[in-house]
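I opened the notebook to record what I looked up in one protein structure. The entries are short and in the order I made them.

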Amino acid sequence: MAVAKTSSNKGAIPVLVADDSIVFRRYLRDILADFETITIGGEAKNGIEALDMVLKVRPKVILMDMEMPLMDGMTALQHLMIHCPTPTIMFSSLTSEGTFRAFDALKNGAVDFISKDLLFDESRQDVFKKMLFARISSAAKMKVHSIEPVFDMSKMQDDMPKDEPVTRVIFCEECGARNIVEGIGAAYCSQCGDVLVEYHDVEIFRRNTHVTIFGGGEDSCRNLLNIIPRLGSEQGGSTIVVIKADSVHVDTLTEYLDAISPLKILRAREGMSLDSGYCYVASTQDQICLQQFSTQQTLGKVKQSLDGMGSIDMAMASVAAAFKRKCAGVLLSGNELDGVRGAADIAANGGEVLVLNPDECLSPRLIGAAIEKIKGVRIATDENELARMLMEFCRQARTGDPIF
């Protein structure tokens, strides 16, 4: 372990670097030396040393490698977020952005994830330098909270105890025969051979009476991973998520959310019907909008964007036109302003606009603009409160009570 020379600037952000590669630690030290507002307060070569150094140097931001000996970065992150929550940016040379492993890091409490592949592209090192400075500066302003560790989903199924076979009684719609079915999966009628259909609680709220639509930048993935799993399938209505991220990353995010959420999470596609109890996730590249046909709503594609309106704006505006006061627009972390005009349309039509506390976001520019420009915006203090507010909105929209 090595403690860096203290910066002469008393307001400098103390950063702890945890990486088993001395080359990488020196590289970060060299590029951050150009910024007077950041100082390397300490270095560690594994997770155990990192946790010890946290108590000594009290960093405002930690840069941590995921792959280290003795204790890897993910394990260290879990301990850190339980006992001494600190904004942490995770690095990896083996994991790319937008993968299950990257989302694991964000769900475990990391505020950001950066692939080391960017470092090996000499033509982009100036870009990386500016990006890292911006990310550290933003992370230092964030509030992070103690959280329980997230299980590794790739191992979860193998580690679970084997339950007794599930026995269900299902009546055949075709012939009315009573069937006793063991296990899960497809089942067929013992009398006529027709496929048996089991109805779940989500069917109670099949009529889609209200919509919640989220919008944000790629940094909002962290917020979504902590909010969407808190929304129950019993809420009724449907949920739409539109984020400014690569379509491939959104595909993986959809799979990840579906694995950890009680809601059924679907990748949004043109022509899909909007059903109660489901969450549809889209990239801004998809340019989705809501199309109304009598009482049926489907996801369409914007044929021509209005001047100055982005993909999130258009999606929110289409929801506002269809559901009026029975819709809620939610803005999360984002550096661009796509979503402000759409949220304003929701407010103008009598719907609710909710935003997350800017201190909970790595990129608070989008939320700041919404608070400034939209009257009556409701600000949730943290992700837990935002989830509670949304559940209350859904309950009131479903029962016909006054919204908030």
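What follows are my notes on sheets, helices, salt bridges, one pocket and one loop residue.

**Entry 1: the model**

I noted before anything else that this is a predicted model.

**Entry 2: the five-stranded sheet**

I looked up how the strands are arranged and found an open sheet of five, ordered β2-β1-β3-β4-β5. The pairing in this sheet is parallel. Which strands stand at the edges? I found β2 (38–44) and β5 (112–115) there. Each of them has a single partner strand, so one side of each is left without a neighbour in the sheet. From one strand to the next, the twist averages 20 degrees.

I then checked one pair in detail. β4 (residues 88–92) pairs with β5 in the parallel sense, over four bridges. I wrote down one position: Ser92 is opposite Ser115, which belongs to β5.

I also looked for a helix on these strands. Helix α1 (residues 22–32) lies across β1 (13–18), β2, β3 (61–65) and β4. The angle between α1 and β2 is about 170 degrees.

**Entry 3: the seven-stranded sheet**

I found another open sheet, with seven strands in the order β10-β11-β9-β8-β14-β15-β16. Its pairing is parallel. The edge strands are β10 and β16 (378–380), and each pairs on one side only. The twist here averages 20 degrees from one strand to the next.

For the pair β10 and β11, I noted four bridges in the parallel sense. Leu266 is placed opposite Tyr280 of β11.

Which strands does helix α9 touch? Helix α9 (residues 311–323) packs on the sheet and touches β8, β9 and β14 (327–331). Its direction makes about 165 degrees with that of β8. Helix α11 lies across β8, β14, β15 and β16, and runs at about 140 degrees to β15.

**Entry 4: salt bridges**

I reminded myself that side chains of opposite charge can pair when their charged atoms come close. How many salt bridges does a search of the whole structure find? The search gives 16. I followed up three of these pairs.

The pair I took up to begin with was Arg135 and Asp219, whose side chains meet at 3.3 Å, N to O. Arg135 is in helix α5 (residues 125–140), and Asp219 is in the loop between β8 (211–217) and α7 (220–227), so the salt bridge ties together parts that are 84 residues apart in sequence. Is Asp219 buried or exposed? Asp219 has a relative accessible area of 17%, and buried means under 20%, so Asp219 counts as buried. Arg135, at 23%, is partly exposed.

My next pair was Asp359 and Lys143, with a salt bridge of 3.9 Å, N to O. The two are 216 residues apart: Asp359 is in the loop between β15 (352–356) and α11 (365–373), and Lys143 is in the loop between α5 and α6 (153–159). Both ends are partly exposed, with relative accessible areas of 32% for Asp359 and 43% for Lys143.

I ended with Asp251 and Arg269, whose side chains form a salt bridge of 3.8 Å, N to O. Asp251 belongs to helix α8 (residues 247–260), while Arg269 lies in the loop between β10 (264–267) and β11 (278–283), 18 residues apart. Asp251 is partly exposed at 27%, and Arg269 is partly exposed at 44%. I also found a network of salt bridges that links Asp251, Arg267, Arg269 and Asp286.

**Entry 5: the largest pocket**

I looked up the largest pocket and noted a volume of about 750 Å³. Which of its 38 lining residues are the closest to its centre? They are Glu97, Asp112, Arg135, Glu218 and Asp219. Arg135 and Asp219 are thus back in my notes, after their salt bridge in Entry 4. Elements that give two or more residues to the lining include α4 (100–107), β5, β8 and β9 (238–244). The largest share, five residues, comes from α5.

**Entry 6: Met142**

My last look-up was Met142, in the loop between α5 and α6. Met142 is buried, at 8% relative accessibility. What does Met142 touch, leaving out residues up to four places away in sequence? I listed Pro87, Val111, Arg222, Asp359, Glu360, Cys361 and Leu362. For one of these contacts, Asp359, I looked up the C-alpha separation from Met142: 4.9 Å, although the two residues are 217 apart along the chain.

Key. Residues numbered from 1 in each chain as written. Predicted model: local features only at pLDDT ≥ 70, side-chain atom pairs only at ≥ 80, totals over all residues. Heavy atoms only, no water. Buried < 20%, exposed > 50% of the residue type's maximum accessible area, 1.4 Å probe, protein only. Pairing = 2+ DSSP bridges. Axes fitted to C-alpha atoms, helices over the stretch in contact; angles between N-to-C directions. Contact = heavy atoms within 4.5 Å. 1 Å grid on protein atoms, 1.4 Å probe; cavity = no way out; pocket = protein on both sides within 12 Å on 5 of 7 lines; lining within 4 Å. Points joined across faces, edges and corners; volume = space filled by probe spheres on them.
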